Amino acid sequence: MEQKQLIDEIVKLKKERDAIILAHNYQVPEIQEIADVVGDSFALSKHAANTSHRVIVFCGVHFMAESAKILSPDKTVLLPARDAGCPMAEMVTADRLREMKAKYPEAAVVCYVNSSAEVKAEADICCTSSNAVKVVESVKNKQIIFAPDQNLGSYIAKQVKDKEMILWKGFCITHKRVRVDEVKKIKELHPNAKLLVHPECEPEVQALADFLGSTSEIIKQAREIPEKDIIIGTEEGVLHILKKENPDKKFYLLSPGLVCQNMKKTRLQDVYLALLNMQHEITVEEDIRQKALKSLEEMLKIN
Ligand code: SF4
């Protein structure tokens, strides 16, 4: 099927199925264009929790669709690219987290949304990169186990001085690829450019940034700053909205490594087939869902 025909079919099926399409900012442009809502994981979680549609088609990776199912158990949640996972989320398991909890019985567990439902079920509260500092500040315990992203954890630890952060050693394979020498080189090439970086990057890279923030904060910052040259230190999918929203500005990707292969797995054909066959439905065991829901709801109370 040609692209135009695929898009028409998706629009038609979406109506028939009473579906909403949610797409992460890291998706390929054609998926962002057909989506009803494009955003980072926090914005999409909120939409998933509040949507009145019967079906949620989640164009992202597995943990995101799973979070949508946890928040909206009565909806049918479809993940068009069945094998789109997040390597970072797989770096923590519920068993290993339970061992860590046994080692630090006084600690609260703050869990980045990039994690499985089983791991969220073991946490006291979830966070995203948009609200991580606020979430950690809201926790009463002095000791905090933060999982799974070590770089985001160390970024939070620098801002929340009165907490003892015990950091899991997980990482985003995409953001970790950025090297300091690449940062120095691109800054030399564009000396007047502002550098906006995601806190999943290594601390040495973060230290060279003009601004650190989540994907949605980077998009907002790029819109608001007067500079016309901007270097983007997060996954390349955000360039789509940045260029669309800011036609008078020039954007440079900090590193060619900033491409998440899992986020690029979803194609129009997958969305079409998901809607046509109602395929790749996400399910979560009810007792796990209930516990994971508590952690997500605690987070949603913060903003
Ligand atoms: S960009 Fe990183 S954290 Fe996000 S899905 Fe890809 S590997 Fe996971």
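In which loop does proline 148 lie? Select proline 148 to begin, and you will find this residue in the loop between strand 7 (143–147) and helix 8 (150–159), where helices (H or I, at least four residues) and strands (E, at least two) are DSSP runs numbered from the N terminus. Before going on, note that this is a predicted model, in which local features need pLDDT of at least 70 and side-chain atom pairs count only at pLDDT 80 or more, while totals for chains, interfaces and linings use all residues. Residues are numbered from 1 along each chain as its sequence is written.

Stay at the start of that loop and display the backbone: the peptide bond that joins alanine 147 and proline 148 is cis, with omega about -5°. Most peptide bonds are trans, and most residues other than glycine have a negative phi.

Next, select strand 7, which is largely enclosed by the rest of the structure because four of its five residues are buried; a residue is buried if 20 or more other C-beta atoms lie within 10 Å of its own, exposed if 12 or fewer, and partly exposed in between, with C-beta atoms placed from the backbone. Strand 7 runs parallel to strand 5 (residues 108–112), to which four bridges join it, and four bridges also join strand 7 to strand 8 (residues 164–167), again in parallel; two strands pair if DSSP finds at least two bridges between them. Isoleucine 145 is a useful residue to pick here, since it is the bridge partner of valine 109 and is itself partnered by isoleucine 166 in strand 8. From strand 7 the chain passes through helix 8 to strand 8 in a right-handed β-α-β crossover, meaning that, with the strands pointing away from the viewer, the path from the first strand over the helix to the second runs clockwise.

Now move to the loop between helix 13 (268–277) and helix 14 (286–302), and select methionine 278. Its phi is near 50°, a positive value in a residue other than glycine, and methionine 278 counts as partly exposed, with 15 C-beta neighbours inside 10 Å. In the loop between helix 13 and helix 14 you can also select histidine 280, which has a positive phi of about 65° although it is not a glycine, and which is buried, with 20 other C-beta atoms within 10 Å.

Finish at the ligand, whose surroundings include Val61, Cys86, Asn114, Glu235 and Met263, a residue being near a molecule if its C-beta atom, placed from the backbone, lies within 6 Å of it.
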